[in-house]
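Here are my notes on this model, set out as numbered points. Please read them with the structure open.

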Amino acid sequence: MNFLQRYPKAAKLAKANFLVAFIALLLGGLFGFIQALHRTDVFRGFFDSSEYYTLLTGHGVLLALVFTTFFIMGLFVWGVTRSLEREPENMAYTWSWYWLMVVGLTMTSVAILGGLVPGSSIRAAVLYTFYPPLQAHPLFYIGLALVIVGTWMAGADWFRSYLKWRKDHPSERIPILTFMTLFTMLMWYVCTIGVAIEVVGLLIPWSLGWVTEIEPLLPRTLFWYFGHAVVYFWLLPAYYVWYAILPKLSGGRLFSDSMTRVVFIIFLILSTPVGYHHQYADPGISTAFKFYAMATTLLLLLPSMITFFTVIASMEHGARQRGGTGRLAWIKKLPWDSPAFVGCALAGVMFAAGGFSGMINASMNINLLIHNTIWVPGHFHLTVGTAVALTFMAVTYWLLPQLTGRKLKDKTLALIQPYAWFLGMTLMSNAMHRAGLAGVPRRTSEPQYTQFDFEPVFGTMAEMQWQIAIGGTILTISLLLFLWVVARTWLAGEKSDRPVDDHIPEPLSGPEHTPAVLDNIKLWVAIAVALVLLAYSFPLWEMVADGVFEPGFLPRPS
């Protein structure tokens, strides 16, 4: 029996989440395409420059927050249900968090798209980093708050399933898919406390006119308390796929269960204290706390390196099972004709490149060279825009047949799609990084200045502009190919009792070799909370003591 036949309720819920995610992906992707043409001055006929920031907000929010979050919810529904072998405990509750998220998303989208309606008083051109002084319509903030509450309820749903399962399996290790889900959601709970306080306690009252002034540093700090950790909320589900599914797609087995658990624990305890590295240029925060953030950020290279080793080892094992030999020649035996494998593998390559540029962002002194330049979006188009997004698209080619009971349609187009995404992102992100080194700013529709010429390290500004425009066009074509294959499979795929080989083999080194302390959830949560308090309690106290609603007096850091 396939997943749909065994767990029809969970399959329906996962598909509902994926549907919202893919609609957001389409809209956000088209907004990005328009921006690429507009900003590079290749074509400016879609909108005026004054509307650029509405599109930029839509692009960031719909892709970075909506597409990712709804896809993650669908992925985790599949993973928890499959690994615990049980449907959600109470479908009325389960559907309530889904619909709460949809209502919140609708409110936020109305606020953003209202900016494109002439004469509308509903606007939200506040970018993805929605802290003051930019102000949005209350619908924007209230909608985001509902989405976050919905995700909290979803996490509670999975913890409830786990606790029910635990009663029946008191001595068993937490199944690896559920372990990764629970630790991702624990990290999410910790990091969303900041944005919840910012949105509910400051931005909603401010947007409603209940207060007229806000100390700007406080909401900015609360946002970045959340704003970098959210990257790991997007990234950990990609790790989830690389650890649990990519070895199977390679024809092999996961190399180590214990290393998988260690990586997720490290992300839980280190993800949130790193937020200050987005505020290196901000006054009012002690250099000592910024240094602490730099140190914890660089420590996060450790789980990335563990992942690099574990996933490569798992892929090599798969290739050797398929007849691969030699030190590197085994790579040729990997299934390069499988869209799901190709997308995940290329996403991993891009993530490695994004990791190198991320080290520049994390370093206190070097960061100042690229601060607020187009280098920064170039970096997160490698990480979120490819490592995460391409992994999600690729694994859809393997998950969707399980959820619909239909075989994948148009496999040739599905195989072209990840290669096209890789090519388009290579062109666009390469140009963005080089333009950032030349000092080209981000967050503007008009990056040109009169009587001033940028001086690229190599190449020309015109060449980089064309790379961005061409890369953005190829990415849009790839996106449409993906959605075409998804729609065709969902609606017209051949029905089958086994539309895809969904067996996931046991790890080479399984849970029997994994120390029991790694499953001690309370211990790791306590350490995570202690590190957050160490990083944030004193600086936040200084900001609050200075006056929450009295701007103009920056705290004097010790």
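What volume does the second largest cavity have? About 60 Å³. Keep in mind throughout that the model is predicted.

1. **The second largest cavity.** Its lining is made up of Leu-13, Val-77, Val-80, Thr-81, Leu-84, Arg-86, Glu-87, Pro-88, Asp-157, Trp-158 and Ser-161. Two elements, helix 3 and helix 5, each give two or more residues to this lining. Helix 3 gives the most, with four residues. By character, the lining of the second largest cavity holds six nonpolar, two polar and three charged residues.

2. **The largest cavity.** The whole structure has two cavities of 30 Å³ or more. The largest holds about 150 Å³ of space. It is lined by 15 residues, and closest to its centre are Leu-65, Thr-69, Leu-144, Val-147 and Ile-148. Helix 3 (52-84), helix 4 (91-113), helix 5 (138-168) and helix 6 (176-207) each give two or more residues to the lining of the largest cavity. That lining counts 12 nonpolar residues, three polar and no charged. In the second largest cavity, by contrast, three lining residues are charged.

3. **Helix 7.** Is this helix enclosed or open to the outside? All of it is buried: 11 of the 11 residues in 217-227 count as such, so helix 7 is largely enclosed by the rest of the structure. The buried set includes Arg-220 and Thr-221 as well as Leu-222, Phe-223 and Trp-224. These buried residues of helix 7 pack against helix 6, helix 8 (229-244) and helix 18 (521-546).

4. **An aromatic cluster.** Phe-223, Trp-224 and Phe-226 are buried in helix 7. They also belong to a cluster linked by ring pairs. The other members are Tyr-128, Phe-130, Tyr-131, Phe-140, Tyr-141, Trp-188, Phe-233 and Trp-234.

5. **Individual ring pairs.** How many aromatic pairs does a search of the whole structure find? The count is 44. One of them joins Tyr-52 and Tyr-53, edge-to-face, at 5.4 Å centre to centre with 85 degrees between the planes. Tyr-52 is buried at 6% relative accessibility, which is under the 20% limit. Tyr-53, at 26%, is partly exposed. Phe-255 and Phe-309 also pair: their centres are 5.6 Å apart and their planes stand at 90 degrees, so this pair is edge-to-face. Phe-255 sits in the loop between helix 9 (246-249) and helix 10 (257-270), and Phe-309 in helix 12 (residues 301-321), so the pair ties together parts 54 residues apart in sequence. Phe-255 is partly exposed, with a relative accessible area of 32%.

6. **Around Asp-519.** Where does Asp-519 lie? It is in the loop between helix 17 (461-492) and helix 18. Is Asp-519 buried or exposed? At 14% relative accessibility, Asp-519 is buried. Leaving aside neighbours within four places in sequence, Asp-519 is in contact with Arg-173, Ile-174, Phe-179 and Arg-261. Two of these partners, Arg-261 and Phe-179, also meet each other: the charged end of Arg-261 sits over the ring of Phe-179, 4.9 Å from its centre.

Conventions
Residues are numbered from 1 along each chain as its sequence is written. This is a predicted model: local features need pLDDT of at least 70, side-chain atom pairs count only at pLDDT 80 or more; totals for chains, interfaces and linings use all residues. Side-chain values use heavy atoms; hydrogens and water are left out. Rings of Phe, Tyr and Trp (its six-membered ring) pair if their centres lie within 6.5 Å; planes under 30 degrees apart count as stacked, over 60 as edge-to-face and the rest as tilted. Buried means under 20% relative accessible area, exposed over 50%, partly exposed in between (1.4 Å probe, protein chains only). A charge sits over a ring if NZ of Lys or CZ of Arg is within 6 Å of the ring centre and within 35 degrees of the ring normal. On a 1 Å grid over the protein atoms alone, a cavity is a set of points where a 1.4 Å probe fits but cannot get out, and a pocket is an open set with protein on both sides within 12 Å along at least five of seven lines; lining residues have an atom within 4 Å of a point. Grid points are joined across faces, edges and corners, and a volume is the space filled by probe spheres set on the points. Ala, Val, Leu, Ile, Met, Phe, Trp, Tyr, Cys and Pro count as nonpolar, Asp, Glu, Lys and Arg as charged, and the others, Gly among them, as polar. Contact means heavy atoms within 4.5 Å.
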